[in-house]
Structures are given as C-alpha cells and as structure tokens.
Amino acid sequence: MAFEKFESLSEAEQNSTMQRYYKLQSKIYDATRWSFLFGRNQIIREIPLDPQGSWNILEVGCGTGYNLINLAKRFPNAKLTGLDVSTDMVELSKKNTLAFGERVNVLEQPYTLGDTAWNGQLDLVLFSYSLTMINPQWKDLILQAKADLKPGGYVAVTDFHDSRNLWFKKHMANNHVRMDSHLTPLLIQEFTPVVNLVKLAYLGVWEYMVFVGRK
Ligand SMILES: C[S@@+](CC[C@H](N)C(=O)[O-])C[C@H]1O[C@@H](n2cnc3c(N)ncnc32)[C@H](O)[C@@H]1O
C-alpha cells in the first residue's frame, strides 16, 4: 500500500488539508462517527488516573469535543485543553463543551514539535483518531507528547490500526487516514505500555488500537 503521498506534506499543507476536509465533514461528524470510531469510550475508561485528581489534560485533534466531554465527566476536577486545526471543528467543540465553563479550553492551533507551552506539565495527552491523519508529522507529535508529560504521566491513543482489505485502506487513504500498523511500534518504544490492544471492527473489516503508555 503506497502511503508516499502522505510523506511529502508540510505541516502547513497538512493543516490546510484538514481545514478543507472538515468544512463539510464537521456537519455530519457526530451523526456518523459513532458507527466507526470504536475505542473512544474505552480509552477514557482505561486512563489510570484518579478520577478526583486535579489533572492537566490535553487532547490533540479534539474535533467536535466528544472526548473532552467524556474526560470532563470522568475527571470533574481536571483542567482540559483541546487543540484542533479545523476552524469548523473548533467552533463545534467550543459550543459542545460550554457547560464545563473555564475548565475546558479549546484552541485553534496545531500541536507542533518544539512547542514549549506545556513542557513537562501535562498528566495526560490524548490522541483519539488524530494521529493517523497527521501525516507525516505523527512521529514528531508522539515525541512532543513525551516532552510535554510530567514524569509518570500518560499518553492515551485510540485510532485505526490496519486492515487486510486493500480497498478499505485505499478508501481511508483517500480520506487522509494512514492505516499501516505504524503507531504502536513508536508508542511502545517511547512509553511503558499499560494497555496495548488491537481489536477487530465489523468482524475484521479493519482493526483499531487502544494504547495507554506511561512516561
Ligand atoms: C477524526 S477527527 C477526531 C476528533 C476527535 N478526537 C474524536 O475522537 O472524535 C481528527 C481531528 O484531528 C484534527 N487535526 C488534524 N491534524 C491536526 C493537527 N496537526 N493538530 C491538531 N489537530 C489536528 C482534525 O481537524 C480533526 O478535527
């Protein structure tokens, strides 16, 4: 499967691809994604932080705020930041998390290697179905998350893993998703795995992964 097309995208090109893609997709996102973005509820349950703690949590690629809402409910004393590069997604995310007031902050900006805003201050970085779309910068962002976590902090990732069906991988590549078993090896190299699952979707049409690792 050729994923070369992803390798040549600059950060600016990747961001503007997302801007364009989510202009329309944002309108149908929550109505459709429940049927194929599996693992999103499980990853929140698997986070091994005390639910009552005053944690500092970042979600990269927060989309419509689906996970920010679940995080805010599971961790009622945590401070949450969501980042996204799509103006349309940020608008929805802000609206959907209004009920949590200043505890949830959504910013329209990319997560970038070398950014020192969170250096060693975070308890948790969540990537939910964002890393497979962040090409080819996904490696940089895993390393950035490591730099931004406190010692003992956690990275949590749920995303597409792979598929035996080339037509499906091609279809996903046309929708900007790289599905190539590529995330887990780097995650295992950089973090101590606490949860490391690969699960079947629709009896094996594709696989998705659920990973929690400790810094
Ligand atoms: C498939 S959606 C996932 C949204 C949400 N995390 C969820 O689980 O429903 C991917 C999101 O990542 C965002 N995104 C893509 N590249 C990004 C980047 N470099 N920095 C921040 N967000 C990014 C997209 O705009 C989109 O909203």
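This short talk goes through the aromatic contacts in the structure above, which is a predicted model.

Let me begin with the overall count, which is that the structure holds 12 aromatic pairs. One of them joins Tyr129 and Phe160, whose rings meet edge-to-face, with 4.9 Å from centre to centre and 80 degrees between the planes. As for where these two residues sit, Tyr129 belongs to the loop between strand 4 (122–128) and helix 6 (138–148), while Phe160 belongs to strand 5 (residues 149–162), so this contact ties together parts that are 31 residues apart in sequence. Both Tyr129 and Phe160 are buried.

The next pair I would like to show is Phe168 with Trp206, and here the rings are stacked, at 4.8 Å centre to centre and with 5 degrees between the planes. Phe168 comes from helix 7 (residues 166–174) and Trp206 from strand 7 (residues 206–214), so in this case the parts tied together are 38 residues apart in sequence. Is Phe168 buried or exposed? Its relative accessibility is 8%, and because buried means under 20%, Phe168 counts as buried. By the criterion of under 20%, Trp206, at 5% relative accessibility, counts as buried too.

Now, which residues form one aromatic cluster with these four? The cluster holds Tyr129, Phe160, Phe168 and Trp206, together with Phe38, Trp167, Tyr202 and Tyr208.

Finally, there is a contact between a charge and a ring to mention, in which Arg40 lies over the face of Tyr66, at 3.8 Å from the ring centre.

Conventions. Residues are numbered from 1 along each chain as its sequence is written. This is a predicted model: local features need pLDDT of at least 70, side-chain atom pairs count only at pLDDT 80 or more; totals for chains, interfaces and linings use all residues. Side-chain values use heavy atoms; hydrogens and water are left out. Rings of Phe, Tyr and Trp (its six-membered ring) pair if their centres lie within 6.5 Å; planes under 30 degrees apart count as stacked, over 60 as edge-to-face and the rest as tilted. Helices (H or I, at least four residues) and strands (E, at least two) are DSSP runs, numbered from the N terminus. Buried means under 20% relative accessible area, exposed over 50%, partly exposed in between (1.4 Å probe, protein chains only). A charge sits over a ring if NZ of Lys or CZ of Arg is within 6 Å of the ring centre and within 35 degrees of the ring normal.
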